[in-house]
Amino acid sequence: MSSNFTVNRICEHCGNTFVAKTTVTRFCSKICNNRNHIKSWETTERPREKLMEQGREAMSDTELLAMLICAGLPGVTAVDLAERVLALAGHDLKQLAALKPEDLMTVRGIGHARALSVISAMELAVRLAVREQPLHFLKLVHS
């Protein structure tokens with residue numbers, strides 16, 4: 001009995017529609033599949049290396065969040081997960097800071113540990129902003 005299974009799918013990396021020959025095919029090409037491994041990226045594109053070589057100012061919000069997430073899932077990088085989390089917050093850091101663990105855990109690949117890591121980092125940022133705000137205000141008033 002020969003199997004002639006085919007189904008139209010959407011590539012998890014690039015969003016292109018393609019014909020899959022198995023139920024587990026998730027990428028339209030070997031390029032998209034390999035793209036989902038950060039180690040296959042150019043060194044200058046990898047978040048850790050970029051942070052070390054270019055500094056924190058060169059990092060996007062997505063890349064910084066990916067550093068907190070640490071690792072992805074099979075076929076999904078930490079950068080992909082970070083992008084999904086930011087999309088959940090409307091790409092607004094203020095909204096991200098207001099999310100609850102349950103909100104973050106609606107993203108596949110974000111469990112308790114990752115959600116709490118993100119929330120902890122956002123809380124530190126909020127506390128820093130609150131503490132620095134009076135100093136910033138004084139600098140503006142006295143200049």
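Where in the chain is the place of His 91? In this predicted model, His 91 sits in the loop that links H4 to helix H5 (93-98). Its backbone deserves a second look, as His 91 shows a positive phi of about 55 degrees even though it is not a glycine. With a relative accessible area of 47%, His 91 is partly exposed, since that value lies between the 20% limit for buried and the 50% limit for exposed.

A similar description applies to Cys 70. This residue belongs to the loop between helix H3 (61-69) and helix H4 (78-88). Cys 70 is not a glycine, yet its phi is positive, at about 75 degrees. Its relative accessible area is 49%, so Cys 70 is partly exposed.

Arg 46 offers another stop on the tour. The loop between helix H1 (30-35) and helix H2 (47-54) holds this residue. Arg 46 counts as buried because its relative accessibility is 18%, and buried means under 20%. Its C-alpha atom is separated by 9.3 Å from that of Val 79, which is 33 residues away along the chain.

These residues can now be placed in the fold as a whole. The chain contains seven helices and two strands, and from the N terminus on the order of elements is β-β-α-α-α-α-α-α-α. The chain has 143 residues, of which 25% count as buried. Among contacts with a separation of 6 or more, 28% are between residues 24 or more positions apart. The chain exposes about 10000 Å², with carbon and sulfur atoms supplying 58% of that area.

Methods
Residues numbered from 1 in each chain as written. Predicted model: local features only at pLDDT ≥ 70, side-chain atom pairs only at ≥ 80, totals over all residues. Heavy atoms only, no water. Helix = DSSP H or I, 4+ residues; strand = E, 2+ residues; numbered from the N terminus. Buried < 20%, exposed > 50% of the residue type's maximum accessible area, 1.4 Å probe, protein only. Contact = heavy atoms within 4.5 Å. Areas by Shrake-Rupley, 256 points an atom, 1.4 Å probe, with all protein chains shown as cover.
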